[in-house]
Amino acid sequence: MRIFDPHIHMSSRTTDDYEAMRAAGVEALVEPAFWLGQPRTSVGSFLDYFDSLLGWEPYRAAQYGIAHRCTIALNPKEANDPRCVPVLDELPRYLDKDNVVAVGEIGYDSMTPAEDHALAFQLELALRHELPALVHTPHRDKPAGLERTLAVVAESGLAPERVAVDHLNEVTVARAADSGCWMGFSVYPDTKMDEDRMVRILKEYGLDRVLVNSAADWGRSDPLKTLKVGKAMLAAGFTDDDVDRVLWRNPVAFYGQSGRLDLDAPDEAVSDGTFEGNSILRGAPATPAGR
Amino acid sequence: MLTETDLPPDARAALGAALEGDAWEREFIAARRRVGREAAETFRVLLLRGARADAATVTRLYERGDAGERRAVLLALPDLPVGDAALPLVEDALRANDTGLIEAAVGPYAGRHLDQHLWRHAVLKCVFTGVPVAAVASLAERADAELARMLADFAAERAAAGRPVPPDVPTVLALTPPAATGQEA
């Protein structure tokens with residue numbers, strides 16, 4: 001089983017996770033820019049985070065044979081913090097980087113005017129930088145939040161097939177399916193979706209435009225939930241090809257719309273086994289052989 | 001010195017087009033998509049040189065750049081009209097542990113502008129991190145007795161730990177003045 005996790009926050013995870021993910025079949029992933037579980041206090045904090053998504057994490061991932069790409073954005077929560085909002089002016093430069101395959105996570109948290117502005121502004125950036133958009137739907141007041149999200153997306157002029165609305169569930173899937181957007185499902189140990197509910201949705205709505213992710217982060221979450229969904233699909237009678245479509249071909253098709261998803265490209269960061277000279281393989285002999 | 005002939009024809013054409021437009025910085029950022037991984041670094045260096053990028057420009061590109069963009073800035077510095085104003089970028093690269101950045105930072109620009117204390121530490125860091133000292137510009141001219149002492153101490157520490165002494169240590173010691181070996185003249 002080859003797996004592409006289209007939404008996982010690896011900067012919160014350990015090398016043990018990378019090792020287990022690769023063993024489970026994860027060969028590629030996308031890490032969307034989001035918040036840190038606690039508020040940032042400055043634009044500089046975002047820039048350091050973007051550097052990490054564009055450098056350190058791809059290096060760590062490559063050491064375990066996993067291709068790491070990212071999305072860049074001001075997230076919905078921090079769109080409400082005047083200390084953070086000026087990062088919007090920094091985004092165009094980062095959205096031009098080769099490893100950036102979408103604008104995201106954007107969307108709504110509490111549905112404030114500040115969030116309206118950040119969402120519309122960043123959908124415009126997606127158009128200008130010819131990138132798809134990864135849109136987070138709110139955890140509270142979700143159906144109303146999805147409705148408002150889809151209205152802003154429609155108004156933006158970004159084609160629905162270039163937008164993924166994420167964190168869907170039984171209550172919001174029908175409306176999202178009608179919209180023509182890609183449908184993202186985050187499978188969690190306690191909240192959001194679980195693997196059996198995911199299989200029921202796949203049976204009812206089919207496999208088109210469906211993205212299944214672990215959304216694993218700094219909270220209670222499981223970076224192997226993609227594998228567990230694949231196994232649940234097989235147990236429920238789906239074929240290997242069905243699983244490959246949901247867990248590999250669909251995310252490749254969605255992020256491939258960026259024109260930058262070059263998964264075969266050799267990663268020069270690993271050529272000497274180190275990134276910024278700081279080997280992550282602690283305990284390995286630091287021999288500068290041949291150098 | 002890199003020239004346009006180091007680029008494949010399509011990348012050379014892209015370079016000319018980028019320099020004619022007013023958006024060459026975007027081409028600099030997206031170099032890998034424009035000309036491929038192989039040619040990207042040369043393309044970036046030639047863009048900076050062709051645009052005669054000043055200190056404010058290279059500082060902006062470096063600070064908002066990924067490792068590939070930063071390397072290109074460092075490599076281009078000797079041929080840019082920046083005086084010693086880009087020295088903070090070299091010092092930043094020497095604080096990093098990215099061997100690619102360290103290697104790019106110890107070229108002719110550092111050879112000309114970096115003060116002797118920081119320059120000695122840059123050489124020691126090359127030896128420590130495995131960057132070949134062949135990358136260090138002005139090595140024979142600037143290697144002095146204090147650098148020899150630092151390298152000798154480093155070699156002693158390695159020997160005490162039972163670890164190998166990098167072959168570049170004797171290479172550099174051979175360039176330092178005889179007095180630097182600690183023997184009375």
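This passage looks at the confidence of a predicted model, at one pair of helices and at one buried residue. Residues are numbered from 1 along each chain as its sequence is written, while chains are lettered from A and ligands numbered from 1 in the order in which they are written. Because the model is predicted, local features need pLDDT of at least 70 and side-chain atom pairs count only at pLDDT 80 or more, whereas totals for chains, interfaces and linings use all residues.

The predictor gives the complex an ipTM of 0.71 and a pTM of 0.83. For chain B, the mean pLDDT (the predictor's confidence in each residue, from 0 to 100) is 92, and 96% of the residues of chain B reach 70 or more. Residues 180-185 of chain B, however, have a pLDDT below 50.

Two helices of chain B (helices are DSSP runs of H or I, at least four residues, numbered from the N terminus) offer a friendly first example of packing. The axes of α5 (residues 67-76) and α6 (residues 87-95) of chain B come within 11 Å and cross at roughly 130 degrees. Here B:R70, B:V73 and B:L74 in α5(B) meet B:L89, B:V90 and B:A93 in α6(B), with contact taken as C-beta atoms, placed from the backbone, within 7 Å.

In chain A, A:L95 lies in helix α3 (residues 91-95). A:L95 is buried, with 21 other C-beta atoms within 10 Å; the cut-off for buried is 20 or more. Beyond neighbours within four places in sequence, the contacts of A:L95 include A:I72, A:L125 and A:H129. A:S258 is 163 residues from A:L95 in sequence, yet 11 Å away in space, C-alpha to C-alpha.

How values were computed
Two residues are in contact if their C-beta atoms, placed from the backbone, lie within 7 Å. Axes are lines fitted to C-alpha atoms, for helices over the stretch in contact, and angles run from 0 to 180 degrees between N-to-C directions. A residue is buried if 20 or more other C-beta atoms lie within 10 Å of its own, exposed if 12 or fewer, and partly exposed in between; C-beta atoms are placed from the backbone.
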